[in-house]
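Student: Could you pick one spot in this model and take a close look at it for me? Then carry on from there through whatever else is worth pointing out.

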Amino acid sequence: MTTPETRITEWLATQQDAMLAELEAMVNIDGGSYDKAGVDAVGERVRAFLARHDVAVEVLPQKKHGDCLRAVVEGEGTGTGNERRNIVLMGHRDTVFPKGEPERRPFRVENGLAYGPGVCDMKAGIVMNMFVLAAFRKFGGAPGPVVGLFTGDEEIGSPEGRPVIEAEARAARVVFNSEPGRPSGNVVTGRKGGVFSVIDITGKAAHSGANFEAGISAIEELARKVQALHALTDLSRGITVNVGLVSGGQSVNTVAPWAQAQIDMRYVDPADRDEVMGAIHAIAGKSYVPGTSATLTIRGEFVPLKQNPGTDAVFKLYKDVASFETAGEFAGGCADSGFTALVGAPTLCAVGPVGGKAHSPEEYMEVATMVPRAQAVARAILHLDDAGV
């Protein structure tokens, strides 16, 4: 008699074309973090697929960003000795791209690589989680409930999704976050933390020719603040401060009455967070150009993914059951996995299909990794009891 492991891995081995079809449909839907309708349209694809496979899905409405979806496949374990029973497969549906990006460069496959906005970060991981859930619903064998959590605002720090994620993680036995596997084939066992903030600067408008001296340039203030902010970068400590977006001004012949800078700050050591943010607050509060004023607003924040004994055990299990060579890797990017680890859930990140060049027009996903990475997560779930997780 064949085991659930054999049936699940054999079924997944037949699903690559179906996975690609779902991935194509999702990639070709707009889904930037601030496009709630688009992110929810991707969520509808998730919900419809799971409904066809008889997987129950609960919609957790969010006001500003994509709704969270929570799917559950009941398990067969008793939970003895482990009160945190839920086995969580996590992923986000939002992307970083502007409206119309899928129309400009739709999904395509060339030479074994899939391309398109969000193809690896992380719509391929979303698709993988959908098929793993369907496999456990079809063949059973999970040593506890398998929960698929599909969120909608990770790329901006999960301002609405974080409470949902942390609540789920507090009841979790383990969390697998299906961010893309590294180009090396590795998974991620550690990540930086990060803070996304914005400085809004107020100056005074005046005609730049007839009344120049009456104006106070917010853009000049912005330029000086950018220099001060970038000087906070300390690569030896893993600290980076990047002003990635700027805007401002009224017209070319007006002294600029306003300006704005959006700031990305990353750090490794949790103790560095307050130090660097204190320096950013000080720069925001200082007027380099007399007469200007500024306010600093934090829009989103990630915490570092730190290794611990639970994380180490999950990583060893994953390595043991995977059909491919992999190792643990530290990543400078942030992810929701930091939140789940922070509240105590053993967490392994970047178990999704392998990809690279995320957030760029060259973003890609290795098609041949979709099935093996799905099989690895399924096997890891099936062997949680053996590994003592």
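**Starting from a charged side chain**

Tutor: Let's start with E275, which counts as partly exposed because its relative accessibility is 45%; that class sits between buried (under 20% relative accessible area) and exposed (over 50%), using a 1.4 Å probe and protein chains only. Before going on: this is a predicted model, where local features need pLDDT of at least 70 and side-chain atom pairs count only at pLDDT 80 or more, while totals for chains, interfaces and linings use all residues. Residues are numbered from 1 along each chain as its sequence is written, and side-chain values use heavy atoms, with hydrogens and water left out.

So what does E275 hold on to? Its side chain meets that of R237 in a salt bridge, 3.0 Å from N to O; the term needs a side-chain nitrogen of Lys or Arg within 4 Å of a carboxyl oxygen of Asp or Glu. E275 lies in helix α8 and R237 in the loop between α7 and β12, so the pair ties together parts that are 38 residues apart in sequence. (Helices are DSSP runs of H or I with at least four residues, strands are E runs of at least two, and both are numbered from the N terminus.) R237 is partly exposed too, at 32% relative accessible area.

Right beside E275 in the sequence, D274 forms a salt bridge with R273, with the closest N and O atoms 3.0 Å apart. D274 is exposed at 56%, whereas R273 is buried at 18%. Elsewhere, salt bridges that share partners join K36, D40, D67 and R93 into one network.

The whole structure has 24 salt bridges. One of them joins the side chains of R70 and E168 at 2.6 Å, N to O. R70 sits in strand β2 (residues 68-73) and E168 in helix α6 (residues 161-170), so this pair bridges distant parts of the chain, 98 residues apart. Both R70 and E168 are buried.

Back to α7, the helix ahead of the R237 loop. Its 13 residues (218-230) should span 18 Å at 1.5 Å a residue, and the end C-alpha atoms are 18 Å apart, which agrees; the expected span is 1.5 Å times one less than the number of residues. Buried in α7 are A218, E221, L222, K225, V226, A228 and L229. They cover an arc of only 165° around the axis, which puts them on the same side of α7; the arc is taken from the directions from the helix axis to the C-beta atoms. The background is that an α-helix has 3.6 residues a turn, so residues three or four places apart point the same way. Among the elements covering those buried residues are β10 (193-202), β12 (240-248) and α8 (272-285), where covering rests on contact, meaning heavy atoms within 4.5 Å. At the N-terminal end, S217 caps α7: a side-chain oxygen lies 3.3 Å from the backbone nitrogen of I219.

T189 is another one to look at, in strand β9 (residues 187-191). T189 is buried at 6% relative accessible area. Its side chain makes a polar contact of 3.4 Å with that of Q307; that means N or O atoms within 3.5 Å, where within protein one must be able to donate a hydrogen and the other to accept it, and residues adjacent in sequence count only if both atoms are side-chain atoms. Not counting residues up to four places away in sequence, T189 also touches residues including L305, F315 and L348. The C-alpha atoms of T189 and T347 are 8.2 Å apart, although 158 residues separate the two along the chain.

Finally, strand β18 (residues 352-356): five of its five residues are buried, so β18 is largely enclosed by the rest of the structure. β18 pairs parallel with β8 (residues 180-181) over two bridges, with V354 opposite G181; pairing requires DSSP to find at least two bridges between the strands. β18 runs antiparallel to β19 (residues 364-366), joined by two bridges, and there G355 faces M365. The open sheet that holds them has five strands in the order β4-β5-β19-β18-β8, with mixed pairing. β4 (108-110) and β8 are the edge strands, each pairing on one side only.
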